[in-house]
Structure formats: structure tokens, C-alpha cells
Amino acid sequence: MNHAIIAYIGLGSNLAEPIAQIHAARAAIAQLHDVRELAISSLYQSVPMGPQDQPDYVNAVMSVQTSLTPMALLRALQAIETDQGRIRTGERWGARTLDLDVLLYGDQIIDLPDLTVPHVGISERAFVLYPLFEIAPQLVIPSKGPLTDLLAHCPYSGLTRLD
Ligand code: ROI
């Protein structure tokens, strides 16, 4: 791979056997052309952020090395979401079989109509920050600072590490 960048992907599911959804998504990501898996965090059960009348989520974070552009990576992740039965209802913050987010793409700051990197809300979301810390404790998040500083302001609440 030429010009490979390290990207971090957030994985989430709260429908249709979430643990199996996350395992299947990880395998699909690892098999993408021009993507190589570096690491994956533990899986976490997490209380929904947003509407509470939906099942708990299972969340994880994965790091990859990739020569795909940010948009090509996003489109490949969206294709995996669709393959795994995600239906986009348009409902904001509703339950979903699979959500794959580009959290970070190297140290780039990206502001496109369909893609904001670092991912919006990354600094407040325990279900992103704690798994991320497992695989990248030294990380500095562009425009937001060291991961450890963000963690200091983000209580470990509503999270259960699964094994
Ligand atoms: N809440 C949790 N705990 N985990 C998620 O992945 C998640 N994803 C979402 C919303 C609906 C904001 N809530 C979530 O998109």
C-alpha cells in the first residue's frame, strides 16, 4: 500500500445480535481492498446515547492502515452497513443493525458534506474514547488534544467491557 494512513473506525450495533454484527463487520473491514487491520478493542456493552427506548449497544473501535481516501473508506464502510442489513430510516439516533464511523484519518481534519473527521461527538462519547484508549493510549486527536485529557473529562459510565 502506498501512502498508507492509520485510520480509526467506530463500530456500533444494537439490533439483530449486536455481538455477531460487530464480529462480521470487523471481518468485512479486514478484507477490504487496500485496508489492513492493525488492532481492535474489546467489545463494550453501552447504554444508548440519545433516545432511551432502544436496546443497549455493543461498541468497539478498530485501527486500520489504508491507502483509500477518506471518502473511499467511508463508502466502503457504508457498503458493509448495507450488506449487513442496515436500513436507513432517516430517524435521528434510532436503533441500527450496524453503524461504522470514520473516527480519525491520520491527523487530518476533514469537513465534507458527508464526512466530518474527527468524528463529531468523539470527545464526549465514552463508548468511543475508552475502546480507543485500549488500542491507542498515546493518541492525540487533531484539534481536540491528547486522548488522555479527553478521558479525564468523560466518566466511565454506562459501559461494560465484554470478554
Ligand atoms: N449510543 C451508544 N451507546 N452507542 C452507539 O454506537 C450509538 N450510536 C448512535 C446513537 C444513536 C447516537 N447512540 C449510541 O448513533
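**Exercise 1. Find which part of M49 lies 2.8 Å from a nitrogen atom of the ligand, and then describe the surroundings of the ligand.**

Step 1. It is a backbone N or O atom of M49 that lies 2.8 Å from a nitrogen atom of the ligand, and this is a polar contact in the sense of a pair of N or O atoms within 3.5 Å (within protein, one must be able to donate a hydrogen and the other to accept it, and residues adjacent in sequence count only if both atoms are side-chain atoms).

Step 2. V47 also places a backbone N or O atom 2.8 Å from a nitrogen atom of the ligand, while N59 uses an N or O atom of its side chain, which is 2.8 Å from an oxygen atom of the ligand.

Step 3. Taken alone, the ligand exposes 350 Å², and the protein buries 95% of that; such areas come from the Shrake-Rupley method with a 1.4 Å probe, and for residues only the protein chains shown count as cover.

Step 4. The residues that surround the ligand are S46, V47, P48, M49, Y57, N59, W93, R96, D99 and F127, where a residue is listed if one of its heavy atoms lies within 4 Å of the ligand.

Before going on, keep in mind that this is a predicted model, in which local features need pLDDT of at least 70 and side-chain atom pairs count only at pLDDT 80 or more, whereas totals for chains, interfaces and linings use all residues. Residues are numbered from 1 along each chain as its sequence is written, and side-chain values use heavy atoms, with hydrogens and water left out.

**Exercise 2. Determine how many salt bridges the model contains, and say for each partner whether it is buried, partly exposed or exposed.**

Step 1. With a salt bridge defined as a side-chain nitrogen of Lys or Arg within 4 Å of a carboxyl oxygen of Asp or Glu, the count comes to 3.

Step 2. R26 pairs with E37, their closest N and O atoms being 2.8 Å apart. This pair links helix 1 (residues 18–30), where R26 sits, to strand 2 (residues 35–40), where E37 sits, and the two residues are 11 residues apart; helices (H or I, at least four residues) and strands (E, at least two) are DSSP runs, numbered from the N terminus.

Step 3. R26 has 31% relative accessibility and E37 has 23%, so both are partly exposed, given that buried means under 20% relative accessible area, exposed over 50%, and partly exposed in between (1.4 Å probe, protein chains only).

Step 4. R75 and D114 form a salt bridge in which the closest N and O atoms are 2.9 Å apart. Because R75 lies in helix 2 (residues 70–83) and D114 in the loop between strand 6 (110–112) and strand 7 (115–117), the pair ties together parts that are 39 residues apart in sequence. R75 is partly exposed at 40%, and D114 is partly exposed at 46%.

Step 5. R96 and D99 meet through their side chains at 2.9 Å, N to O, and both of these residues are buried.

**Exercise 3. Work out which elements build the largest nonpolar core, and which of them gives the most.**

Step 1. A nonpolar core is a set of buried Ala, Val, Leu, Ile, Met, Phe, Trp, Tyr and Cys residues joined through side-chain atoms within 4.5 Å, and the largest one has 27 residues, with L11, I29, L73, L100, V102 and Y105 having the most contacts inside it.

Step 2. Two or more residues come from each of strand 1 (5–13), helix 1, strand 4 (57–66), helix 2, strand 5 (99–105) and strand 7, and helix 2 gives the most, with 5 residues.

Step 3. A second, separate core of 21 residues includes Y8, I122, F127 and L150.

**Exercise 4. Decide how many residues of helix 3 are buried, and which residues I135 is in contact with.**

Step 1. Helix 3 (residues 126–135) has 8 of its 10 residues buried, namely A126, F127, V128, L129, Y130, P131, L132 and I135.

Step 2. Leaving aside neighbours within four places in sequence, I135 is in contact (heavy atoms within 4.5 Å) with Y8, A39, I40, S41, V61, M62 and S63.

**Exercise 5. Locate the cis peptide bond and state its omega.**

Step 1. The bond from V117 to P118 is cis, with omega near -5°, and P118 is found in the loop between strand 7 and helix 3.
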